[in-house]
Amino acid sequence: MSLPPQTRRIGVAYYPEHWPESRWADDARVLREAGISIVRMMEFAWDKLEPRQGEYRFDWMDRALETFQAAGIQAVLCTPTPTPPPWLSHQHPEILRVNDRTAVRDVPGSRRHVNAFAPAYLEACDRIVTAIADRWGQHANVIGWQIDNEFGCHNSTRDVSDLSRAAFQAWLRGKYGTLDALNAAWGTQFWSATYTAWEQIPVPAPTTADHNPGLLLDFRRFSSGAWVRFQKRQIDILRPRIGPDRFITHNFMIHFFEIDYFELARDLDVVGFDNYPYGMTGPLETALNLDLMRGLKGKPFWVLEQQPGPVNWAPFNPPVAPGQVRAWTHQAFVHGADAVLYFRERAVNIGQEQYHSGLMKHDGALDRGYHEAKQVSDDLAHLPALTRPKAPVAIVFDYEDLWTLELDPHNAEFSYYRLVTDMYRQLWEAHIPVDFVPRDADLAGYKAVFVPSPALIDEAHTATWRAYVEGGGKLVVTFRAFFKNPGSTWTDQPMPAGGLGELLGVRVDEFFCIPPVKWVGLRRPDEIAPDWDDDRGSHVSDLAGKTPGYGFGEGFGMPAKLHYHTWAETLTPSAAEPLMRYVDGFWKDAVAATVNKVGAGEAYYLGCWCDKIIPRSLWQALGLESLAIKVEDGPRGAAIEIVRLQDADGHLHEVRINHAKRTVTLPVLETGK
Ligand code: GAL
């Protein structure tokens, strides 16, 4: 996944409908002075474009486009479909979403309060998208189009209306063909739920006890796919009208998993990303999400919304330190963004987001974000065009595995995303670049590949992973692997089932949910342990120096004692060698991790979730130490992010971003160290 050299630009979301027309030219000039060369417009402007059904008002947007063109700023236009005007929802209340958590129908007046199934909504979307594409599809100053805005925002992906139910039943019919096949895939004989007509199948609205896991998983797939299809419908209208040279994008969200983003990305030219690092665990999680966005298509992406200062939507909206906006912007660029557009031009005086900052303040004065954006464009003027080379390490990311484990976690603290974050954290702190890849990616060229808890069995993926290992790759698979059939029924084979179990050379004997009360350091000294408590292990020994060929040097033959939490499995190696053993609990001495040599490579299985998910022995066996960048004399921890990028001549440039709130001085390293 070597990326083309980046052409880095900055831009802003602009809302002509929020300001008197007399301001536009001044705003355009001020924005241009900061180096802004792109505006994104129109995503919530349906009522202004079509105040009554079929009555279009486009002249004001013509003038807005002219204003920015005159100022030397290009435009990305959006389809305005997340906010149908009141005339539409009043006439057709069936377009409103029925919330899957409450089974209550939304009222209008907000956004994303729609479902993707109502013919009246779909047809109204077709008409407005056609009309605006006919009007501006060939406009010389329009370089690209954004479809809608943040599908699924406010957890709006799933709808349990009657329309959704009918569409779900039709989708299931297409998928399974016969009710016998569906009943078998879901195991509906449990709790007497065998369906004898498609119309009997419910959508998972709240009910007394749990829904069938197969129904839940298929409803996730269906609801995710509904927005992929909704998006495609607009792409099919836009493409012939805008031609092949303008791009089509959509703005994806941070820390959002309701929609399979690999699927949503497939029909787009460019992935767009809304980067609101607020509320994340700091630069680490931002980096992870940026890498995930690059991974969705394996190419550069755009940040379509960049937090420009404090937001308005959190319970607390803390100040953003000086320099932070500049650091976020550069962080996005080094992770593969081609453009970063701030949200928004100016803090707005009307509506639901009045506390949100912009590049300008409510009174039009320049805010700190503006000055930092300007500084970014000065920085860019001095930097060469750089490419992000293919990373040495990949992490497989799979939305269906995430859904499967989220729907029935067995341990309330189990989170696929947290597991991925734990893997990413260790690599990021060592400044080792990571690519996120889908399950079916060709893995050739990666030094190590992590597959976090691949819950769903799919032998096609086993074949991909086997080919990688046989060719010399190092594959690391974690617990909860290959135990669910596609309909979320449990395999009747030992876990990991089928070919993956063979590749790893291991079988799971027992699995344990480890409740959080036993976390080391969390028990008060005066707290009396219940008598069953001692039976619950929480430590594992890294067989450092004990297994020939894996000399890990934790001390001469002294195994390191590591803490684990959340999940543990005892293992019986069939072909593999043990790598770690449990040291407490009634499963003391059982094998906890293994390695299997296959062809020229190695397949590792981790049976428990260690505090450091990559134990020292594994870190060394994977050769990660040689990939790490060590900053001697630098500040501890990873407040400093280091990324190496390539220029057109193949020279490496090291970019260092200081995420700490204080100035630090670092020694210059020789390239390659
Ligand atoms: C985004 C959204 C924008 C705006 C912004 C506020 O999620 O796309 O329209 O609401 O959040 O931070």
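Let's start where two helices meet: Ser164, Ala167, Phe168, Trp171, Leu172, Lys175 and Tyr176 in H6 touch Leu215, Asp218, Phe219, Arg221, Phe222 and Arg229 in H8. By character, the residues of this contact divide into eight nonpolar, one polar and four charged. Keep in mind as you look around that this is a predicted model.

How are the two helices set against each other? Helix H6 covers residues 162-176 and helix H8 covers residues 213-242; they pack at an angle of about 105°, and their axes are 10 Å apart. Angles of 65 to 115 degrees count as roughly perpendicular, so H6 and H8 are roughly perpendicular to each other.

**The barrel**

Next, the strands. Eight of them form a closed barrel in the order S1-S2-S3-S4-S5-S6-S7-S8, with parallel pairing. From one strand to the next, the twist averages 30°. For a look at one pair, take strand S1 (residues 9-13) and strand S2 (residues 36-41), which are joined in the parallel sense over four bridges. Here Ile10 stands opposite Ile36 in S2. Helix H8 comes back into the picture at this point, since it packs on the sheet and touches strand S4 (142-146) and strand S5 (247-253). The direction of H8 makes about 150° with that of S5.

**A serine in a loop**

Where does Ser488 lie? Ser488 is in the loop between strand S12 (474-478) and helix H16 (498-504). Is Ser488 buried or exposed? Its relative accessibility is 7%, so Ser488 counts as buried, the cut-off being under 20%. Leaving aside residues up to four places away in sequence, Ser488 touches Pro213, Gly214, Leu217 and Thr404. Residues 213-242 make up helix H8, so you may like to view this loop together with that helix.

**The cysteines**

How many disulfides does a search of the whole structure find? The search finds zero. Two cysteines illustrate this, each listed with its nearest cysteine sulfur:

| Cysteine | Nearest cysteine sulfur | Distance |
|---|---|---|
| Cys125 | Cys78 | 14 Å |
| Cys608 | Cys610 | 4.0 Å |

Why does the 4.0 Å between the sulfurs of Cys608 and Cys610 not make a disulfide? A disulfide needs the two sulfur atoms within 2.5 Å, so this pair does not qualify. Both cysteines in the first column are buried: Cys125 has a relative accessible area of 3%, and Cys608 has a relative accessibility of 1%.

Key: Residues are numbered from 1 along each chain as its sequence is written. This is a predicted model: local features need pLDDT of at least 70, side-chain atom pairs count only at pLDDT 80 or more; totals for chains, interfaces and linings use all residues. Side-chain values use heavy atoms; hydrogens and water are left out. Axes are lines fitted to C-alpha atoms, for helices over the stretch in contact, and angles run from 0 to 180 degrees between N-to-C directions. Angles under 35 degrees count as roughly parallel, over 145 as roughly antiparallel, 65 to 115 as roughly perpendicular and the rest as oblique. Contact means heavy atoms within 4.5 Å. Ala, Val, Leu, Ile, Met, Phe, Trp, Tyr, Cys and Pro count as nonpolar, Asp, Glu, Lys and Arg as charged, and the others, Gly among them, as polar. Buried means under 20% relative accessible area, exposed over 50%, partly exposed in between (1.4 Å probe, protein chains only). Two strands pair if DSSP finds at least two bridges between them.
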